[in-house]
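Reader: I would like to go through the labels used for this model and see what backs each one. Please keep the answers short.

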Amino acid sequence: MPAFRQVGEKQLPQEVVFMAWSPKRDLIALANRAGEVLLHRLANFQRVWSLPPNENTGKEVTALAWRPDGKILAFGLTDTKRIILCDVEKPESLHSFSVDSSITYMHWMEVTEESSVLTSFYNAEDESNLLLPKLPALPKNSQFFFWYAHQHIFFSFYRLNALVVGGSSGFIEIYAYGMFKIAMVTVPGSCCGLCLSGDLKSLSVITEIQDSPDSEAEMTYFQLDTSLLSSYLPEVTRMARKFTHISTLLQYIKLSLTCMCEAWEEILMQMDSRLTKFVQEKNTTTSVQDEFMQLLLWGKASLELQALLMNQLTVKGLKKLGQSIESSYSSIQKLVISHLQSGSEALLYHLSELKGMALWKQKYECLGLDASGIEDAITAVGSFILKANELLQVIDSSMKNFKAFFRWLYVAMLRMSEDHVLPELNKVIMTQKDITFVADFLTEHFNEAPELYNRKGKYFNVERVGQYLKDEDDDLVSPPNTEGNQWFNFLKNSTHLKGNLCFIQ
């Protein structure tokens, strides 16, 4: 027999503490002492990518595991007690979750057990793809566009697979598809090795037990009966698939909200800050609302209001502010309609199916599926959708109000500056209806609110959309006016819905 011979050697800048071969590709994953996770090609040891440690993940990698199809790499960090699932194509976290103990070992296996029920489930087309519209693409300039890769990668490997995680305190957890926790057990000692059988009937564990600091550690082998998972394999698979759907939809909604926050600009607060500064510096006793009303009705402005409009806000600044508001509000409105509502409706669909599964107690009760908890989640999503619809109404109202207000103020400032007024602006005739509309806007939005200054450092909240995206208060600073709202009155007077804050709020 020929002897083994060395075929290559590579010097690395950091000490390697863990490594794992890809089960499908010519790749090897490494974790070094500095906390980096690296991916190399075996043929020439060319680096594919590296993922440096950061405060969001951690610095002490203690375990590596490949998904059986080689498309996802999992690594555990003992300092943050987190598990990160990473895309093989690029060094980006697809999913992460926390555990209760330091991670010492991980094993990712494919379930090989076959049954007629499970085979038909694997071969059947996912009904949600037929019944639900395809979710719109997130903005390409968003750093989160890789969600699509995330969704594709997780659902490309349809067969049930399980990530088995062991920790220093003897805890063992099993995650279907690497995401949904389906089992948790505890054994004495610290896990050094784990292996779950392909039929899910048996779990083998090797632990290191040390009774006292002075005694020698003993290696112990445990074999645990996990046939409960095998007996309910179709039910576990369905639950796990639903969880992955729900998890990815929650991330999609979160990323949509992030895109909405990015579309909201700080410049939109310029009017609020200017008015607040005006209140603090002006010497007259008249209110800001009266100052603007006088300009609207009589075409005259005090010297202080003229200074605010012409020196601080300026005609150019007003035009830029109007364009920014229209662009920002339109972008947020599109994201709410196309992304937030679509994602929320898909989430309701999967939660409703999960509730139907929970009502089949013979099959799912022993697996811990609780219908009451799912009902609470459905109510929360419904409340979220109502709040999104409320935001749409606020955006629509604000766009109409600001457009009329800025059109009037722009002409008033041009005439105030005695600059050449364009002929088309001279033709703008403010009808009684227009004057009433602007007057109502001033009455509702230009009230001085000292309590708002105590909370937010400003006296005004003319810009009403940002409070849904930026404020951290539980309650809205300026909630929409519900007086005379028939739907709101119906909710308050309904025998069944009365007092249900989820619907009313």
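Reader: How much area does the chain expose, and what share of it do carbon and sulfur atoms supply?

Author: The chain exposes about 27100 Å², and carbon and sulfur atoms supply 52% of that. Accessible areas come from the Shrake-Rupley method with a 1.4 Å probe, and for residues only the protein chains shown count as cover. The model is predicted: local features need pLDDT of at least 70, side-chain atom pairs count only at pLDDT 80 or more, and totals for chains, interfaces and linings use all residues. Residues are numbered from 1 along each chain as its sequence is written, and side-chain values use heavy atoms, with hydrogens and water left out.

Reader: How many helices and strands are there in the chain?

Author: The chain has 17 helices and 15 strands. Helices (H or I, at least four residues) and strands (E, at least two) are DSSP runs, numbered from the N terminus.

Reader: Why is Leu452 called buried?

Author: Its relative accessible area is 7%. Buried means under 20%, exposed over 50%, partly exposed in between (1.4 Å probe, protein chains only). So Leu452 counts as buried. Of the 505 residues of the chain, 45% fall in that class.

Reader: Where is Leu452 found, and what is it in contact with beyond its neighbours within four places in sequence?

Author: Leu452 is part of helix H14 (residues 450-456). Its contacts are Gly457, Lys458, Tyr459, Phe460, Asn461 and Val477. Contact means heavy atoms within 4.5 Å. Across the chain, 59% of contacts between residues at least 6 apart in sequence join residues at least 24 apart.

Reader: What makes Phe97 and Tyr175 a tilted pair?

Author: By the ring rule the count comes to 13 aromatic pairs. In one of them, the rings of Phe97 and Tyr175 are 4.4 Å apart, centre to centre, with 35 degrees between the planes. Rings of Phe, Tyr and Trp (its six-membered ring) pair if their centres lie within 6.5 Å; planes under 30 degrees apart count as stacked, over 60 as edge-to-face and the rest as tilted. So this pair is tilted. Phe97 is in strand E8 (residues 93-98) and Tyr175 in strand E11 (residues 171-176), 78 residues apart. Phe97 is buried at 11% relative accessible area, and Tyr175 is buried at 4%.

Reader: How do you know that Phe405 and Phe441 are tilted too?

Author: Their centres are 5.1 Å apart and their planes make 50 degrees, which gives a tilted pair. Phe405 belongs to helix H11 (residues 371-416) and Phe441 to helix H13 (residues 432-445), 36 residues apart. Phe405 is buried at 0%. Phe441 counts as buried at 3%. Both belong to one aromatic cluster, with Phe292, Tyr329, Phe402, Phe406, Trp408, Phe446 and Phe460.

Reader: Why is the charged end of Arg241 said to sit over the ring of Tyr177?

Author: It is 5.5 Å from the ring centre. The rule asks for NZ of Lys or CZ of Arg within 6 Å of the ring centre and within 35 degrees of the ring normal.

Reader: Why are H6 and H7 called roughly perpendicular?

Author: Helix H6 (residues 270-281) and helix H7 (residues 288-298) pack at about 105 degrees, with axes 11 Å apart. Axes are lines fitted to C-alpha atoms, for helices over the stretch in contact, and angles run from 0 to 180 degrees between N-to-C directions. Angles under 35 degrees count as roughly parallel, over 145 as roughly antiparallel, 65 to 115 as roughly perpendicular and the rest as oblique. H6 and H7 are therefore roughly perpendicular. Leu275, Phe278 and Val279 of H6 meet Val288, Glu291 and Phe292 of H7.
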